[in-house]
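Thanks for sharing this one. Here are my notes, set out point by point, to read alongside the model.

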Amino acid sequence: MPKVTFLPANVTVEFESGKLPYQEHGLPESLLDVALNLGVHLEHACGGNCACTTCHVVVKQGEDNLSEASDDELDRLDMAADLQLSSRLGCQCIVKGDVVVEIPAWNRNYISEGGASILGDAIPPPKKPQPHVQASDTH
Ligand code: FES
């Protein structure tokens, strides 16, 4: 049961690997998918398609418990404000174990009072599920 702690709110959520219902934003069981499933607001202006940097997080603990960054993620991260050595895109890193991440201050500023996104309807609709995450056993 991986645990994810989001700072600075210091909210910890946990989930059972392979059992998280995919929220169709970002990679399945990515930090973004975990956040959306468990009620933590993490901005995702491009809908989790590795096309913005609003899901930028800084990993404080458990870097090895996240999937390796793809070239696409690293290229996109280069454009992130306040880039750090342990920066990741929440929509691209898959959670495999316990991690502690911080949502950068500039990113938190996207959140309006009440916790809703100021981007509102500007967030694109979910992308289609990826073939490798669909159930394969249809007996
Ligand atoms: S939500 Fe846009 S890159 Fe992650």
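1. Let me start with one cross-strand pair: His56 stands opposite Leu89 in E4. Strands here are DSSP runs of at least two residues (E), helices are DSSP runs of at least four (H or I), and both are numbered from the N terminus. Val58 also has a partner in E4, namely Ser87. E3 and E4 pair in the antiparallel sense, over three bridges; strands count as paired if DSSP finds at least two bridges between them.

2. Before going further, a word on the model. It is a predicted one, in which local features need pLDDT of at least 70 and side-chain atom pairs count only at pLDDT 80 or more, while totals for chains, interfaces and linings use all residues. Residues are numbered from 1 along each chain as its sequence is written.

3. On confidence, pLDDT (the predictor's confidence in each residue, from 0 to 100) averages 85 for the protein, and 77% of the residues score at least 70. Please read residues 110–115 with care: pLDDT is below 50 there, and the stretch has nine contacts in the model beyond near neighbours in sequence. A contact means that the C-beta atoms of two residues, placed from the backbone, lie within 7 Å.

4. Now the overall layout. Three helices and five strands follow one another as β-β-α-β-α-β-β-α along the sequence. The strands form an open sheet with mixed pairing, in the order E2-E1-E5-E3-E4. Strand E2 (11–14) and strand E4 (87–89) stand at the edges with a single partner strand each, so one side of each lacks a neighbour in the sheet.

5. E3 has a second antiparallel partner in E5, joined to it by three bridges. Val59 stands opposite Val101 in E5.

6. Val101 leads us to the largest nonpolar core: among its 21 residues, Val4, Leu31, Leu32, Ala35, Leu42 and Val101 touch the most other members. Such a core is a set of buried Ala, Val, Leu, Ile, Met, Phe, Trp, Tyr and Cys residues joined through C-beta atoms within 7 Å. Strand E1 (3–7), helix H1 (31–37), strand E3 (56–61) and strand E5 (99–102) each give two or more residues, and H1 gives the most, with five.

7. What does Val4 contact, leaving aside its neighbours within four places in sequence? The answer is Thr12, Val13, Leu31, Val34, Val95, Val99 and Val101.

Key
A residue is buried if 20 or more other C-beta atoms lie within 10 Å of its own, exposed if 12 or fewer, and partly exposed in between; C-beta atoms are placed from the backbone.
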